[in-house]
Each structure stands twice: as C-alpha cells, then as structure tokens.
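Here are some exercises on strand pairing and burial, each with a worked solution. Keep the structure open beside you and try each task before reading on.

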Amino acid sequence: MTKHHLPATPDTVHWGYFSKTLEPVLTLKSGERAVIETITHHANDDYERMIAGDPAAEEIFHWSKDRKTLRRRGAGPTDGALTYGSGEGLGVHLLTGPIAIEGAEPGDIIEVRILDAWPRPSANPAYQGRFFGSNPAANWGFQYKDLIEEPKPREVVTIYELDMGEASVKALYSYLWTPQTDPDGIVHPTIDYPGVRVDHDTIVKKEGILSGIKVPARLHFGTMGLAPAEADFVSTIPPNYTGGNMDDWRIARGARMYYPVAVPGGLFSCGDAHASQGDSELSGTAIEISLTGEFEFILHKKADLGGTILEGLNHPLLENEDVWSVYGFSVTNYLAELGPDHQHEILKRSSLDNAMRDAFRKLRRFLMTTQKLSEDEAISLMSVAVDFAVTQVVDANWGVTGSIRKSLFAGR
C-alpha cells in the first residue's frame, strides 16, 4: 500500500481558512495513506517549549518587522482597513493541506480513516523529546462573561505537558494574558489574532497549579474536513457540512470520518490538534498541541452509496468500532442559509437548542434510511439508546453529537 509523507512547511500549511481556490499540496488515489504533520496555532504561547529549535515551526511562525512568512491568517480580506493583519478575525487554525483525492466529485463521500496519531516533540535542547500544549481560557470561551474572581474579564493561558508513557497530561504553569505588541507595533489587549508571540518578560507564571491532577490523554484532531463550495475562503472557526472545527475528542485513532464532497478533489485539510479535551471545550480551547497523524483515504462514489450507511449523507458522520455518530449544529449549513454575509452572521446564531434539533433530525434520517426504521421506531430508539453530547460551545456554530451503539443492530 502506498504511503505518503506530508510535512508541515510554509508551502504545505494554510492559516485560518478552508479554500476551494488552493492548489492541492498532495494528490492521492483512493486507498492510499498519508502521514500528515500538524503544528498548533497556539505554539507561540510558549515559544521556548513549542517552537524553538524546530526549523519548520520557526519558519512558519516567523514574523519580524521585515518579514512575515504566512501573511494571510484568516478568511477575511488581504488589504483595506486592516487592524491586525491579513485575513484578520475570520479563522485561526493552522491547517496542513489541502489533499486532493483523485476522482472525487461533488455528491461523493470521502472516508478518512485515522490510523494513528502521535505528538511532535520539543526540539529545544532544554526540553528535548518532551511534549507540550497550551490551553487558553479565552475571550470566545463560554466562561468569559461569567467569572466570579477578579480581575474580570480575563484570559488565562495554562501550559500542559503530555506524558506518553502514562497517556496523561498535567498542568505546568499558567499566566494571565497581558497586552502583547506584535512585530508591526500593533498591541493585542486580548487573544485576537493567531500567531502573536507571547513575550514571557511581560507575564507572571503561576506555578503549582492543578497539583496532583493528571488528565487522561485524548489525542485527536479538532479540525478536519473538506473545502466548502459556497465561498473562496471559509473561516476555520464554525464547523459546517463538510466538517471543519468540530472539536470532538472521539475523532481519534480508530475512527472513520465520512465527509460529503463539495468541490472536485474534496481538498482535505487537518490541524487544530489536541492532547485532551472534554465535551464542550468550555474555555474556548482544548490542550492545543502539535500532532502527526497517519490517515487512509477512501473515495465512495455517489452511484454506490445506496443501501450503505452513506446513503443520503450530506453532513459529517463518524464511525468507530462501537458507534455511529452524527453532528448537529446551530445552523445546519450556515454557508448556504445565512446569506452573503454568512461568516459574520453565524457569530450571532449560537444555539444548543438548534444544534440538538439538528442532531435529532440527522440521526432520525440515518436510522430511517440505513436501518429501515419507521419514524416512531427511530424516535423511541433515540430516546432510550442514543447518547447526545455537547461537543463544543465556543465555535459560533455550536455542536451536539448523537451517538448510537452498533451492537444494537447485531440481531437484525
């Protein structure tokens, strides 16, 4: 079986957007595998631990008064009255890709099998071989306007270390975000533009936090998916019908993700990797870490979908050894439903009520179509056997996943 390697370099990453206009950096045949490197967009929260000594990371994040390696960092404009930088505000995640699948056309489904994932070690000799990630409690977090201790509001960054031997993470230290001045002289009073390097001379580290607590590792990719068709540049922040920033810790080794193809080739990208995350991603982030993954890509042609679990699928679907899971959003397809200003309108539409209803409708269709249940049978089964969980409440298009155990159908 052919296996390709896609390193993270300035030529193979794009920052803050999916785009049907990008040329693929790799083209695969159905059935081929790729080892894909990803680098976290939060690496500059601790430059010494997560960037220093790593040539690829250093070059990707390079930003001086004279040169900025990756100028576009979002789905917004590249010129005009920009305050912070190119593409500002719409999209933050550093993605590797896109990868095209030969023969993929709109109406087809691309299956992405996650075969393995492992962390990118620190290349700084002072931390050689160790693994670090960052968890900012940020201004877009669910908690930001509901704090009880001073100062408020506030943003706090917590740096974690991943122990692969114990498969756990522990907090090392935290710090209160202070205004950071970027190389262009612009001050960032909040975490508002990706890749700003935190000057550790301006912060005070709080040591000994979360003492004695170890969190089980859940290595996964928070953002994976295909390029949508509705706009040339689409923010990575709200998830949508072709996948994207779904922030579900279940999208991990052993999972198969199915994505509807919207543009020729599909154009798959991934990133926003996490060492661990709970349902909701409440503070706005997980433990943001750099991971490398091994993936296998399978193309399912539209003409062959009838009579399979992919029949009628027009949204992401997860399958692993135990469950099928569908993903409900505040707005099912915000790119098509919210008019020409959809990427700003979705920021006003966060709703768990709507996400729950969307998940219910998607799972109802799945059970009626693929398991041939009546509507009443599907509703009863959902009430007694389906687990609905909040995937995230921080990505504007909030998410609820509905998971049903495959073992329920063993006797059919």
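**Exercise 1: β9 and its neighbours**

T158 stands opposite S174 in β10. This is a predicted model, in which local features need pLDDT of at least 70, side-chain atom pairs count only at pLDDT 80 or more, and totals for chains, interfaces and linings use all residues. Residues are numbered from 1 along each chain as its sequence is written, and side-chain values use heavy atoms, with hydrogens and water left out.

Task: find which strands pair with β9, and in what sense.

Solution.
- Step 1. Strands are DSSP runs of E, at least two residues, numbered from the N terminus; two of them pair if DSSP finds at least two bridges between them.
- Step 2. Strand β10 (residues 168-176) is antiparallel to β9, with 8 bridges.
- Step 3. In the hairpin of these two strands, 4 residues lie between them, and A167 has a positive phi near 55°.
- Step 4. Strand β8 (residues 131-137) also pairs with β9 in the antiparallel sense, over 7 bridges; here A137 faces V156.
- Step 5. As for burial (under 20% relative accessible area, 1.4 Å probe, protein chains only), 6 of the 8 residues of β9 (residues 156-163) are buried.

**Exercise 2: β5**

Task: work out why β5 is largely enclosed by the rest of the structure, and which strands pair with it.

Solution.
- Step 1. β5 spans residues 33-37, and 4 of its 5 residues are buried, so the strand is largely enclosed.
- Step 2. Strand β1 (residues 3-6) runs parallel to β5, joined by 4 bridges; K3 has R33 as its bridge partner.
- Step 3. Strand β20 (residues 291-300) pairs with β5 in the antiparallel sense, over 5 bridges, and I36 is partnered by G293.

Terms used:
Buried means under 20% relative accessible area, exposed over 50%, partly exposed in between (1.4 Å probe, protein chains only).
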